[in-house]
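Visitor: I have a protein model open and would like to learn how to read it. Where do we begin?

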Amino acid sequence: MITQVENPILEIHDLTVSYDQNPVLWNVDLSLPGGKLVGILGPNGAGKSTLIKAIMGLIAPTSGYVKVFDKPLNEVRSRISYVPQRESVDWNFPASVLDVVMMGTYGKLGLFRRPGKKEKDIALKSLEQVGMSGFVKRQISELSGGQQQRVFIARALAQEADLYLMDEPFAGVDMSTETAIFQLLQEMTAAGKTVIVVHHDIHSAMNFFDWLIMLNLHLVASGPKELVMNEELLRKTYGGKLNLLTRVTDMIRQKDFNPLKS
Ligand SMILES: Nc1ncnc2c1ncn2[C@@H]1O[C@H](COP(=O)(O)OP(=O)(O)OP(=O)(O)O)[C@@H](O)[C@H]1O
Ligand SMILES: [Mg+2]
């Protein structure tokens, strides 16, 4: 079940990605419309981070290509913002919260302009949006895990990009903050931005995403949530992990019985 779109904002064609010549992502073909909040679902090791890295051009594909805004990556990199998965970040890097978020604005500045008041204001607003205004001067190494994660989301917001790629941005983030940031992402997509989020919780995935990509080494599904969130495709994606699936299919059924429930 793969929905292809016309005038895609992101186009992935026949993408195979390997580590040490072992493919971990096979023949992925998909296209995404702009202005959507897109979730990537799949079990551990499914290739979700690999897909995001390939979109960002951080790994060279074995075959296939990625186009963003109908252009090769190098031409549009400053319009793309990336939140790497938590484990791949050095949190002991000596920098204050404000420094980290200001870094988000550098791409637009170019080589020779230094960040000024405008960039600082953008950074402060981004910190406010993730509820971290009270920690501006703190070293990032001295924050809790969830607070660090929120600072990283703020850095991505400060970039004021058109496409956001977020790899499990809510790992360790408490539920009320997650909901608030999801609502913010919804406002951004309503204003025309595209946000792609690797996410593990199927319940909030059902509530917030417009479009879902389901991955398990191969592409299982890509399409509007209403079309792809079903038992068969979840089973194909997650295999035999029945406990989880029973709970999710119960949720889907309840929704079927009560379509007014959001
Ligand atoms: N640098 C690497 N070198 C070799 N193999 C790697 C490397 N990075 C990832 N892999 C392997 O590629 C496969 C896909 O990894 P990936 O990180 O994309 O999975 P994921 O879906 O993001 O998983 P998770 O939910 O645990 O983050 C896994 O089998 C992993 O072991
Ligand atoms: Mg990952």
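Guide: With the secondary structure. Helices and strands here are DSSP runs, at least four residues for a helix and at least two for a strand. This is a predicted model. By that count the protein has 10 helices and 9 strands.

Visitor: How compact is the protein, set against the globule rule?

Guide: Compare the radius of gyration with the rule for the chain length. Here it is 19 Å, close to the 18 Å given for 262 residues, so the protein is as compact as a globular protein of that length. The C-alpha atoms fill a box of roughly 50 × 40 × 35 Å along the principal axes.

Visitor: What share of the residues is buried?

Guide: Buried means under 20% relative accessible area. Such residues make up 50% of the 262. As for the surface, the protein exposes about 12800 Å², and carbon and sulfur atoms supply 52% of it.

Visitor: What share of the contacts joins residues 24 or more positions apart?

Guide: Take the contacts with a separation of 6 or more. Residues 24 or more positions apart account for 66% of them.

Visitor: Which protein atoms are donors of the magnesium ion (ligand 2)?

Guide: S49 gives OG and Q85 gives OE1, at 2.0 to 2.2 Å from the ion. The two residues are 36 apart and link distant parts of the chain. S49 sits in helix α1 (residues 48-55), while Q85 is in the loop between β5 (80-83) and α3 (97-109).

Visitor: Is S49 buried or exposed?

Guide: S49 is buried, because its relative accessible area is 16% and the cut-off is under 20%. Q85, at 22%, is partly exposed.

Definitions and conventions:
Residues numbered from 1 in each chain as written. Chains lettered and ligands numbered in written order. Predicted model: local features only at pLDDT ≥ 70, side-chain atom pairs only at ≥ 80, totals over all residues. Heavy atoms only, no water. Rg over C-alpha atoms; globule rule 2.2 N^0.38 Å. Buried < 20%, exposed > 50% of the residue type's maximum accessible area, 1.4 Å probe, protein only. Contact = heavy atoms within 4.5 Å. Areas by Shrake-Rupley, 256 points an atom, 1.4 Å probe, with all protein chains shown as cover. Donors = N, O, S within 2.8 Å, 3.2 Å for Na, K, Ca; no water.
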